[in-house]
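User: Got a minute to go through this one with me? Here it is.

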Amino acid sequence: MDYFKLKRQKKARYNLSIYLMIIIAYAIVMILSSQGKISSLLNGLLVPFCTYSILAVSLNLVVGISGELSLGHAGFMCVGAFTSAVFTRYMKFLGVEGLYLFIIAILIGAVTAGFAGLLIGIPVLRLKGDYLAIVTLAFGEIIKNIANAIYLGFDENGAHFSLKNTMALGLSDKGFVVIKGAQGITGTPHYSSFTAGVILLIIVVTIILNLVNSRTGRNIKALRDNLIAAESVGISATKYKLIAFTIASSMAGVAGVLYAHNLTTLTALPKNFGYNMSITILVFVVLGGMGRIRGSIIAAVILTLLPEMLRGLSDFRMLIYSIVLIVVMIFTSAPAMKQYMEVLKNRFPVIKNLKASVLKKMSKEGE
Amino acid sequence: MKENIMLSVKNLSIQFGGLHAVENFNLSIRENELYGLIGPNGAGKTTIFNLLTGVYKPTTGTIMLNGVNKINGKNTIEINKMGIARTFQNIRLFHKLTVHDNVKIALQNKYRYSTISGILRLPRYHRYEALMDEEAMALLKVFNLENDAMMKSANLPYGKQRKLEIARAIATNPKVLLLDEPAAGMNENETKELMNTIRLIRDKFNMTVLLIEHDMKLVKGICEELTVLNFGKVLAQGETNEVLKNKEVIKAYLGE
Amino acid sequence: MDFLTYFVNGLSLGSIYAIIALGYTMVYGIAKMLNFAHGDVLMIGSYITFVFMSQMGINPIISVLLAAICCTFIGVIIERIAYKPLRGANSLAVLITAIGVSYFLQNISLLIFGANTKSFKSIVTIPPLKLFDGQLMISSESIVTIALCIIIMLALTTFINKTKMGQAMLAVSEDRSASTLMGINVNGTIAMTFAIGSFLAAFAGVLLCSAYPTLTPTTGAMPGIKAFVAAVIGGIGSIPGAFIGGLILGVLENLSKAYISAQLSDAIVFSVLIIMLLVKPSGILGKSNIEKV
């Protein structure tokens with residue numbers, strides 16, 4: 001039974017490295033911040049680091065672990081952001097504030113986004129991958145459009161809802177408009193902090209790591225590797241893909257809550273909840289390595305930091321991302337590229353030896 | 001030998017467009033029997049496996065497991081739970097996962113625990129994972145794969161991949177095991193070893209085995225009964241030695 | 001009469017979707033991939049026409065033809081650089097690459113042409129058609145669009161059924177490896193498919209911008225996605241399917257804009273897709289594939 005011990009140790013070491021990475025980064029930031037050595041630029045990026053890391057890690061569950069492509073991850077984030085912000089903003093109007101409301105808001109965001117994921121996933125996950133990509137993309141755009149079109153207010157008679165304007169809500173004098181169409185929600189309480197973000201990130205990472213190394217996670221990976229074989233050993237494709245998709249959507253909702261409570265004004269723009277955002281998250285996942293949780297976090301942090309450091313390049317950011325997507329895919333997946341590496345390896349014995357040792361190590365591991 | 005019929009197929013037919021891939025197929029296999037299904041390429045052998053496991057839905061006919069459970073109309077997952085497991089002609093492993101995990105996945109029906117128990121690492125998770133680890137390892141030992149347990153399954157040599165597929169099918173604890181060309185691509189020694197393994201499985205796990213094979217040595221060596229299929233129809237059926245003497249069969253195999 | 005106006009406008013929009021959908025459906029049928037960047041080739045075509053026509057003052061028809069030739073090259077180059085190396089790789093990798101290409105085209109246009117909206121001058125100069133004493137007015141753009149769509153559809157069907165190249169395309173879409181054995185140049189056939197699709201995309205782009213005269217780097221994205229939806233509804237891989245799917249989608253979109261809600265029309269269109277996928281995943285004219293085990 002040495003094998004299991006070895007395997008568990010290896011898993012534990014990998015998991016530990018992720019937690020340590022997060023905690024050490026947190027500690028360094030906290031120490032520097034107490035000495036006032038953190039620039040305001042970096043300070044403003046601390047919560048986004050956590051938001052994007054959560055988004056990247058959760059999308060990795062769908063793309064890397066489950067092998068399906070979702071292009072509407074920002075849409076689920078949008079659901080979480082708006083539902084939770086409606087709750088906290090209305091509570092603030094009623095004069096209720098406090099950090100415990102933030103916890104409730106997180107639950108609201110997670111549940112509503114997860115529910116949206118379930119609703120989209122049930123019809124679509126029965127189909128092949130390309131359709132999922134299109135439908136999730138469409139969903140993301142629809143959510144953004146709806147968020148821009150909605151007027152929502154509350155008074156003593158309950159909730160009022162309209163797609164026209166504030167007047168059409170027909171609120172009483174005591175009423176209060178929470179969502180003002182394209183202007184979104186203003187005056188959201190500022191509950192998010194770096195500490196809250198790190199705690200949420202650790203929770204999300206723990207859930208995903210535990211999931212991946214359990215019966216459910218193995219079934220999800222089995223479906224990714226060979227759907228027909230997985231069904232032949234009794235694994236329901238719809239059920240397990242749906243579980244992965246719903247959990248990932250729900251986590252995107254949590255990221256949305258964190259995002260919404262870090263700003264005073266919440267509006268649905270292409271930049272934050274649109275297709276662009278979904279692609280940006282996909283770039284984090286692809287660059288960090290499919291199925292690699294640690295890689296997703298590192299990629300999310302570096303790619304959030306880099307454009308801010310190199311302001312001059314901001315026009316080129318999305319262009320560079322697109323090239324990164326193409327190049328990484330060709331280098332990692334093209335059959336000819338794999339052969340070329342083979343040739344290279346034969347021509348230069350140094351690489352051959354190096355690669356052989358790496359391969360040996362890898363072949364022993366598996367995933 | 002017991003006379004209990006484990007798998008019985010009556011009037012099974014399937015059409016793809018205008019093509020009768022399988023026509024009026026009948027079969028009955030006794031419990032604990034080693035049964036062979038042979039025939040030239042394109043005779044419809046794998047199609048029958050696909051019908052038995054619910055990958056295709058038959059146009060007509062009934063399939064009964066153990067005399068009481070109707071199989072046709074059920075999907076692959078339900079059929080597996082009822083007790084039929086299979087291997088594939090073109091190997092289908094979970095290639096990115098370890099050899100050990102491949103078998104462990106197949107144990108998932110036996111050791112069920114919820115997603116929540118997995119995420120929260122409840123006691124059930126620890127208990128069942130330990131049981132699965134041990135049982136998977138025990139199964140790998142039957143196939144001499146225990147030293148490769150931690151290897152990525154895609155990196156296994158071909159013969160071992162075939163064995164792993166059988167091990168994975170057995171892990172679902174089936175009553176009937178369907179093997180699609182288990183000896184394909186194996187050398188003589190490996191085939192001999194495989195024959196012993198198949199007999200061992202049948203005796204040790206008390207299984208009924210139906211296998212498709214082109215290697216006549218293997219068929220002669222282990223199959224107690226045979227069905228020969230040609231162009232979707234049964235050419236001959238019965239005890240192995242009798243069937244192989246049949247003139248029609250010799251004609252179909254060797255030509256005029 | 002209102003209804004008829006909306007309906008005809010819907011047919012016109014649907015014709016544009018149909019022309020774009022042709023590119024998707026042919027590439028999907030033959031290369032077995034979703035070319036996400038197809039909608040963006042359309043946008044590039046519109047920009048090129050805009051530059052030739054409005055900035056250089058070249059004759060509209062010649063501008064469009066030049067743009068179509070440019071798009072053909074762009075389509076082939078994209079296939080060559082980004083997709084060809086990935087032939088035989090898993091479909092997720094190909095899809096992500098296609099998204100990368102789509103994104104690349106959008107952002108390169110953003111850098112070259114800027115973010116501000118260009119107002120596109122219609123290339124159609126004939127007067128609108130008035131029926132029922134002027135109660136029903138059909139715009140000249142609609143007439144040209146619908147006519148062009150029918151011509152393209154007939155020409156393409158003839159091409160596929162009557163020419164050697166067309167037959168090669170059919171063969172490759174049925175079975176790529178068998179086609180190679182039969183001596184068909186598979187790479188050439190796939191490149192040809194991209195060439196035709198991109199050539200047509202330029203026309204679709206110009207027609208789209210003539211009817212809705214605003215041009216930005218993301219002009220092609222949404223129509224591209226909707227055209228893919230049209231291809232799926234009609235049955236992916238089928239040319240008449242693309243035509244029918246496009247028309248259905250265009251009419252549906254215009255009617256729901258008019259009678260239900262402008263903002264929710266996209267949502268309605270996509271719900272139709274989801275319902276279609278549930279009821280008949282192979283689409284109206286598509287054939288269902290039996291997966292080999």
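Analyst: Sure, let's take chain A and then its contact with chain C.

Analyst: It's a predicted model, so local features need pLDDT of at least 70 and side-chain atom pairs count only at pLDDT 80 or more, while totals for chains, interfaces and linings use all residues. Residues are numbered from 1 along each chain as its sequence is written, and chains are lettered from A and ligands numbered from 1 in the order in which they are written.

User: What does the secondary structure of chain A come to?

Analyst: 15 helices and 5 strands, counted as DSSP runs from the N terminus (helices are H or I, at least four residues; strands are E, at least two).

User: And how many residues of helix 11 of chain A are buried?

Analyst: 12 of its 14, where buried means 20 or more other C-beta atoms within 10 Å of the residue's own, with C-beta atoms placed from the backbone. Among them are A:Tyr275, A:Phe284 and A:Gly288.

User: What follows helix 11 of chain A?

Analyst: A:Gly289, with a positive phi near 105°.

User: Switching topic: how many residues of chain C are in contact with chain A?

Analyst: 35, and they meet 36 residues of chain A; contact means C-beta atoms, placed from the backbone, within 7 Å.

User: Which helix of chain C gives the most to that side?

Analyst: Helix 4 of chain C, with 14 residues.

User: What about chain A overall, how much of it is buried?

Analyst: Buried residues are 47% of its 367, and its C-alpha trace spans about 80 × 55 × 45 Å along the principal axes.

Conventions
Two residues are in contact if their C-beta atoms, placed from the backbone, lie within 7 Å.
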